[in-house]
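Thanks for coming, everyone. Let me put the structure up, and then we'll walk through it piece by piece.

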Amino acid sequence: MKFENYEPDWYIKNTLLLRAIPGLKDLGKALLGPVTEEVMFLENIGTSVLVTENQLSELHQLLIEAAKVLNIEAPDLYVRQNPSPNAYTLAISGRKPFIVVHTSLVGLLTKRELQAVLAHELGHLKCDHGLWLTFANIVTLGAYSIPGLGGLIAQRLEEQLFRWIRAAELTCDRAALLVAQDPKVVISVLMKLAGGCPSLSEQLNVDAFLEQARSYDKASSSPIGWYIRNAQTSQLSHPLPVLRAREIDEWSRSQQYKLLLKRAIRPDAAQKI
């Protein structure tokens with residue numbers, strides 16, 4: 001599948017604005033130097049489980065199928081013990097990129113939902129988010145302390161970086177939908193991330209969550225609501241789950257999605273999940 005018309009206009013706009021900030025690319029490369037890259041690589045290989053054909057084979061198959069649909073080489077995949085449900089992608093120069101999935105997320109999602117998460121992470125690689133995504137993950141995950149970072153990143157730069165990350169996340173939700181081919185699967189992931197746990201999973205209702213998203217849109221449409229909404233989201237690395245759910249629901253009914261879907265070839269095995 002090709003993605004020439006995959007990225008939305010607002011994502012392209014934010015990418016151009018980010019690249020236009022003087023010195024930001026050089027700063028990112030400086031912060032992500034050889035030492036930082038080696039630390040990140042050894043941290044994951046030393047504290048996580050590498051997924052292969054012989055290790056967590058079902059999870060490996062989900063990754064291979066998603067990569068095939070998106071026409072991209074499958075990266076390495078690690079499962080890491082962590083009580084916070086999360087997944088992220090790191091692309092390090094000179095090394096094969098890799099995805100990290102936390103155990104709590106694996107336990108929270110169904111197989112189809114988990115594959116949608118992997119497809120979302122593959123979307124970052126497909127769209128070549130590379131340097132900015134890795135830079136953003138270091139900042140937002142807080143896993144590595146870089147002296148003087150706060151002084152180097154001015155408020156305007158930081159806000160622009162987070163604005164780009166939010167646009168990138170919405171873009172990659174589309175990759176998740178192209179693999180899942182069912183908006184309810186993707187929305188269910190977002191709903192569970194917002195307020196799910198294994199014991200409540202069967203009681204959660206996607207349609208009710210979408211109605212909640214519409215209520216949020218209505219409540220934040222007034223001048224005061226708009227101001228509060230922007231104040232709440234300006235420093236977030238990810239869009240609010242309800243907004244992501246509404247966005248993917250709308251895109252699933254768009255002509256662009258339907259045309260892309262016609263060009264997709266879904267593996268038979270993925271349909272049996």
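Start with His102. Setting aside residues up to four places away in sequence, His102 touches Arg80, Asn82, Ser84, Asn86 and Tyr88. Keep in mind that this is a predicted model. Where does His102 sit? His102 is in strand 4, which covers residues 98-102. Is His102 buried or exposed? His102 has a relative accessible area of 6%. The cut-off for buried is under 20%, so His102 is buried.

Now the sheet around strand 4. The sheet is open and has four strands. Their order is 1-2-4-3, and the pairing is mixed. Which strands stand at the edges? Strand 1, residues 48-50, and strand 3, residues 87-90, do. Each has a single partner strand, so one side of each has no neighbour in the sheet. On average, neighbouring strands of this sheet are turned by 25° against each other, direction ignored.

A quick reminder for the newcomers. Strands of a sheet pair through backbone hydrogen bonds, and they can be parallel or antiparallel. Here, strand 3 and strand 4 run antiparallel. How many bridges join them? Four bridges do. For one example, take Leu90: its bridge partner in strand 4 is Phe98.

Next, what lies across the sheet. Helix 6, residues 111-126, lies across strand 2, strand 3 and strand 4. Strand 2 is residues 76-80. Helix 6 runs at about 25° to strand 3.

Stay with helix 6 and look at Glu113. Glu113 is in helix 6. Its relative accessible area is 7%, so Glu113 is buried. What does Glu113 touch? Not counting residues up to four places away in sequence, Glu113 touches Leu108, Val185, Ser188, Val189 and Lys192. Take Val185. Glu113 and Val185 are 72 residues apart in sequence. In space, their C-alpha atoms are 5.7 Å apart.

Now Lys192. The side chains of Glu113 and Lys192 meet in a salt bridge, 2.8 Å from N to O. This pair links distant parts of the chain. Glu113 is in helix 6, Lys192 is in helix 10, residues 183-195, and the two are 79 residues apart. Lys192 has 6% relative accessibility, so Lys192 counts as buried too.

How many salt bridges does the structure hold? The structure holds 10. Here is another one. Asp217 forms a salt bridge with Arg246, and the closest N and O atoms are 2.8 Å apart. Asp217 lies in helix 11, residues 206-219, and Arg246 lies in helix 13, residues 241-252. So this pair ties together parts that are 29 residues apart in sequence.

Arg246 has a second partner to look at. The side chains of Glu247 and Arg246 meet in a salt bridge, 3.2 Å from N to O. Arg246 is buried, with a relative accessible area of 17%. Glu247 is buried as well, at 18%. Then there is a network. Glu211, Arg214, Asp249 and Arg253 are joined into one network by salt bridges that share partners.

On to helix 4, residues 57-69. Does its length add up, and what should its 13 residues span? At 1.5 Å a residue, the 13 residues should span 18 Å. The end C-alpha atoms are 19 Å apart, which agrees. Several residues of helix 4 are buried, including Leu59, Leu62, Leu63 and Val69. Just after helix 4, Asn71 takes a positive phi of about 55°.

Last topic: the nonpolar cores. In soluble globular proteins, nonpolar side chains tend to be buried together. In this model, the largest nonpolar core has 48 residues. Which residues have the most contacts inside that core? They are Leu59, Leu70, Leu77, Val101, Leu118 and Leu122. Helix 6 gives the most to this core, with seven residues.

Take Leu118 from that list. Leaving aside neighbours within four places in sequence, Leu118 is in contact with Leu59, Leu62, Leu63, Leu77, Ile99 and Val101. Apart from the largest core lies another core, of six residues. Met40, Tyr78, Tyr88 and Val100 are among them. We met Tyr88 at the start, as one of the residues that His102 touches.

Definitions and conventions
Residues are numbered from 1 along each chain as its sequence is written. This is a predicted model: local features need pLDDT of at least 70, side-chain atom pairs count only at pLDDT 80 or more; totals for chains, interfaces and linings use all residues. Side-chain values use heavy atoms; hydrogens and water are left out. Buried means under 20% relative accessible area, exposed over 50%, partly exposed in between (1.4 Å probe, protein chains only). Contact means heavy atoms within 4.5 Å. Two strands pair if DSSP finds at least two bridges between them. Axes are lines fitted to C-alpha atoms, for helices over the stretch in contact, and angles run from 0 to 180 degrees between N-to-C directions. The expected span of a helix is 1.5 Å times one less than its number of residues. A salt bridge is a side-chain nitrogen of Lys or Arg within 4 Å of a carboxyl oxygen of Asp or Glu. A nonpolar core is a set of buried Ala, Val, Leu, Ile, Met, Phe, Trp, Tyr and Cys residues joined through side-chain atoms within 4.5 Å.
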